[in-house]
Amino acid sequence: MILITRPRIESGILAKELLKYNIETCTEPLISFTHNKNIFFENRSVNYIISSTQSVDVLEKNFSKFKNILESRNFFVIGEKVTNKLKAIGLKNVVGPFGNSYLLIKFLKQNRFDKNSFIYLCGDIFNSSLLEAIKNLGINIEQKFLYKTIQRKKFTKKTTQHIGNKQIDSVVLYSSYTAETFIKLVSDAKLTRQAKNLHFFCLSLQIADILKKNQFKDVDYCKPSNQEGMIQMLRSQKTI
């Protein structure tokens with residue numbers, strides 16, 4: 001059985017997709033989100049960088065108040081899903097999608113955006129490497145925090161039992177922060193030894209590296225780094 005650790009709605013979507021291939025799952029959302037209130041957008045000549053669907057959700061809630069400002073700015077987007085959600089709320093000035101932060105940085109460097117100002121729309125847990133790399137290009141960038149990430153404090157009794165009884169044989173991880181949270185929770189539950197025998201399926205190499213550095217050995221990551229790539233990896237592994 002695969003443990004899905006995504007937020008509640010995303011976990012349900014992935015579980016439903018895997019059920020089509022008779023892959024058994026259980027869900028334990030390790031993080032949740034709360035949107036910041038009193039969001040304000042100044043009428044400034046800036047570009048926006050956005051890489052999470054949570055940021056888009058906040059924009060959608062505030063879209064009517066800042067419609068004219070947001071519609072007149074360019075959005076540099078990491079991820080196809082984020083791009084599609086932006087377009088769905090009516091934003092047309094979308095540059096991308098870029099498959100990952102490295103490709104965005106490469107694009108900015110090649111097209112000499114050092115005379116442009118950017119605002120990185122993100123949560124309190126963000127890609128600090130992306131921010132630092134953009135600053136190193138000489139680009140003026142600041143952050144606007146749209147939401148907060150809430151970390152689960154402990155596993156449910158059901159998940160603790162499933163890991164302890166070896167009913168769970170693998171875990172799906174979609175972010176570095178979720179991987180770090182999982183490692184902390186298995187330690188708190190005194191289940192690290194059992195967890196070392198699990199097979200981990202990660203969305204990216206960066207997530208996989210976190211697990212390997214913590215001595216988890218059975219670790220894979222998908223290419224491409226998206227939902228379709230993850231499902232394909234899980235299907236191929238579960239049919240071996």
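**Notebook: rings, cores, cysteines**

I counted ring pairs, and the count comes to 16 aromatic pairs. I keep in mind that this is a predicted model.

I picked one pair to look at: Phe-107 with Phe-113. The two rings sit 5.9 Å apart, centre to centre, with 35° between the planes. I log the pair as tilted, because only planes under 30 degrees apart count as stacked and only those over 60 as edge-to-face. I then looked up burial for both partners. Phe-107 is partly exposed, at 26% relative accessible area. Phe-113 counts as buried, at 15% relative accessibility.

I also followed ring pairs that join up. They link Phe-40, Phe-41, Tyr-48, Phe-66 and Phe-75 into a cluster.

**Cores**

Next I asked which residues have the most contacts inside the largest nonpolar core. I found Val-172, Leu-173, Phe-182, Phe-200, Leu-211 and Met-230, in a core of 40 residues. I listed the elements that each supply at least two residues of this core. On the strand side I have β1 (2-4), β9 (170-173) and β10 (199-202). On the helix side I have α1 (8-19), α8 (176-188), α10 (205-213) and α11 (227-238). Helix α8 gives the most, with 5 residues.

Apart from this core lies another, of 23 residues. I noted Ile-50, Val-58, Ile-89 and Leu-146 among them.

Back in the largest core, I took Met-230 and left out residues up to four places away in sequence. Met-230 touches Val-172, Leu-173 and Tyr-174. Met-230 also touches Phe-201, Cys-202, Leu-203 and Cys-222.

**Helix α1**

I checked the length of α1. Its 12 residues reach 16 Å from first C-alpha to last, close to the 16 Å expected at 1.5 Å a residue. Which residues of α1 are buried? I get Glu-10, Ser-11, Leu-14, Ala-15 and Leu-18. They lie on the same side of α1, because they cover an arc of only 135° around the axis. The face turned away from this buried side carries the exposed residues Arg-8, Ile-9, Lys-16 and Leu-19.

**Cysteines**

How many disulfides does a search of the whole structure find? I get 0. I wanted to see why, so I looked at two sulfurs against the 2.5 Å cut-off.

For Cys-26, the closest cysteine sulfur is in Cys-202, 16 Å away, so the gap is too far for a bond. Cys-26 is buried, with a relative accessible area of 10%.

For Cys-202, the closest cysteine sulfur is in Cys-222, 8.6 Å away, which is again too far for a bond. Cys-202 counts as buried, at 0% relative accessibility. I had already met both Cys-202 and Cys-222 as contacts of Met-230.

**Two single residues**

Is His-162 buried or exposed? His-162 is buried, at 12% relative accessible area. I place His-162 in helix α7 (residues 157-164). Leaving out residues up to four places away in sequence, His-162 touches Met-1, Cys-26, Gln-167 and Ile-168.

I place Ile-150 in strand β8 (residues 140-151). Ile-150 counts as partly exposed, at 42% relative accessibility. Beyond its neighbours within four places in sequence, Ile-150 is in contact with Leu-30, Ile-31, Ser-32 and Thr-34. I also took one C-alpha distance here. Ile-150 and Asp-124 are 26 residues apart along the chain, and their C-alpha atoms are separated by 9.8 Å.

Notes:
Residues numbered from 1 in each chain as written. Predicted model: local features only at pLDDT ≥ 70, side-chain atom pairs only at ≥ 80, totals over all residues. Heavy atoms only, no water. Core = buried A, V, L, I, M, F, W, Y, C linked by side-chain atoms within 4.5 Å. Buried < 20%, exposed > 50% of the residue type's maximum accessible area, 1.4 Å probe, protein only. Helix = DSSP H or I, 4+ residues; strand = E, 2+ residues; numbered from the N terminus. Contact = heavy atoms within 4.5 Å. Expected span 1.5 Å × (residues − 1). Arc of directions from axis to C-beta. Phe/Tyr/Trp six-rings, centres within 6.5 Å; stacked < 30°, edge-to-face > 60°.
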